[in-house]
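Me: Hi! I'm new to reading protein structures, and I'd like to know where some of the words come from. Could you go through a few of them with me?

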Amino acid sequence: MLDDQLIMTPGPTNVPSRILQAMTKPMINHRGPEFESLYESIAENLKKTFETKNDVYPLSSSGTGGVECAVSNTISTGDKAIVVVNGEFSKRLRDMIKRYGGDIIELSAEDGQAPSLDEIDSVLEKQQNARAFFIVYNETATGVTLRELEHIGKILKGRETLFVVDAISILGGDYLPTDDWNVDICITGSQKCLACPPGLALISANEKAMKVVEKNRNPRFYFDLIKIRKYHEDNSTPYTPNLPLFYALQEALHLLMEEGLTKRIERHYKHAQQFYDGFEAMGLQILPETKLRSKTVIAVRNPPGIEDKKIRDSLNQKYGVVIAGGMGSTKGKIFRVGNMGIISDREVITTLRAIELTLNELGYKPKQSAPAISR
Ligand code: PLP
């Protein structure tokens, strides 16, 4: 097994050595002044990354912990919750809300698709007393991005219904001005577009959200946002933080600030287009239609007669390039390439060329090579 694989999965991503090295710093007392300044620097840069004036809390858990934090703090037994379900991650979200006693109003769509604006408007019209509207902005299992967030946020602004967004596989790689779009709770994970190792969830909550949290009586302990907010005010965490990952996140956010958020997003757009152009030139079919295509997760249907597992195994063994397969109902039907974090022309060219060679070796003759990439 290579120790310098090119990780092109939809998270974790390749992590720059600057960030990896930050994790080797000595441990510090998490109840001391050094930790307070580390926390303060992270909290400040997270606000800029989320484009919010509200608190963003770093949690020592994977992304799912951040989602569970949002659900357990806002949903009480019997609360109505609208959920868009169009893939494995949104299904998980729905199941989690159910587990916390939520009364689900499901807006569903097939794999690779999304509910229409009319369907969204109709549910918003009918369900004015819902506690929250939950959405996975970028369905990582199918490479679909829902483009109606700004519209939904405008409608929900004047209502009591909270707008909760799972932006785990997209924040930092596509536009998401949390405050301007009236998102009340927003969650992301460290291992995606922030190019940090896995293991931290980041969650923002505004005043409207915290009012609901204060009234919520469902049990929660580790992820109690009231307690987390109280410690946050002192640049601290209620329980022992994952220090190496906090060091890594601080460095990842420095890197992001040096590049600039808009530039980072534009870079993701550019490389997503190169991937889509490349796969289409090879004659492959992209799962979602053009307007739904994600800039961070490229989902491609398997070529006829070739399983993605064969493609992925050969790609890894021969070229050291690692991509992902489908999940849930798309398992065995698609392969997915992550376009996240520190992606550059180098990673795109290597991945496209390695896939093209692999397909040739497996008996699929790509129509033509991926077009040359111009800088
Ligand atoms: N939600 C989405 C949209 C995701 O892409 C993921 C992970 O890929 C998760 C939730 C779960 O995150 P984690 O695996 O870090 O717990």
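Here are some questions and replies about how helices pack and what a core is.

Me: Before we start, what kind of model is this?
Reply: It is a predicted model.

Me: Why are α2 and α9 called oblique to each other?
Reply: Helix α2 (residues 33-50) and helix α9 (residues 243-259) pack at an angle of about 45°. Angles under 35 degrees count as roughly parallel and 65 to 115 as roughly perpendicular, with oblique used for the rest. The angle of about 45° is therefore oblique. The helix axes are 9 Å apart, and the crossing is left-handed.

Me: What makes up the contact of α2 with α9, by residue type?
Reply: There are 12 nonpolar, 5 polar and 1 charged. Among them are F35 and L38 of α2 and F246 and L253 of α9.

Me: Why are α5 and α6 called roughly parallel?
Reply: Helix α5 (residues 117-126) and helix α6 (residues 149-157) pack at about 15°. Roughly parallel takes in angles under 35 degrees, so the name fits α5 and α6. Their crossing is right-handed, and the contact includes L117 and I120 of α5 with I152 and L156 of α6.

Me: Which residues touch the most other members of the largest nonpolar core?
Reply: They are F133 and F134, in a core of 86 residues. To this core, α9 gives the most, with 10 residues. The residues touched by F133 include I82, L107 and F163.

How values were computed. Residues numbered from 1 in each chain as written. Predicted model: local features only at pLDDT ≥ 70, side-chain atom pairs only at ≥ 80, totals over all residues. Heavy atoms only, no water. Axes fitted to C-alpha atoms, helices over the stretch in contact; angles between N-to-C directions. Helix = DSSP H or I, 4+ residues; strand = E, 2+ residues; numbered from the N terminus. Parallel < 35°, antiparallel > 145°, perpendicular 65-115°, else oblique. Left-handed = near helix turned anticlockwise from the far one by under 90°. Contact = heavy atoms within 4.5 Å. Nonpolar A, V, L, I, M, F, W, Y, C, P; charged D, E, K, R; others polar. Core = buried A, V, L, I, M, F, W, Y, C linked by side-chain atoms within 4.5 Å. Buried < 20%, exposed > 50% of the residue type's maximum accessible area, 1.4 Å probe, protein only. Lists of a residue's contacts leave out its neighbours within four places in sequence.
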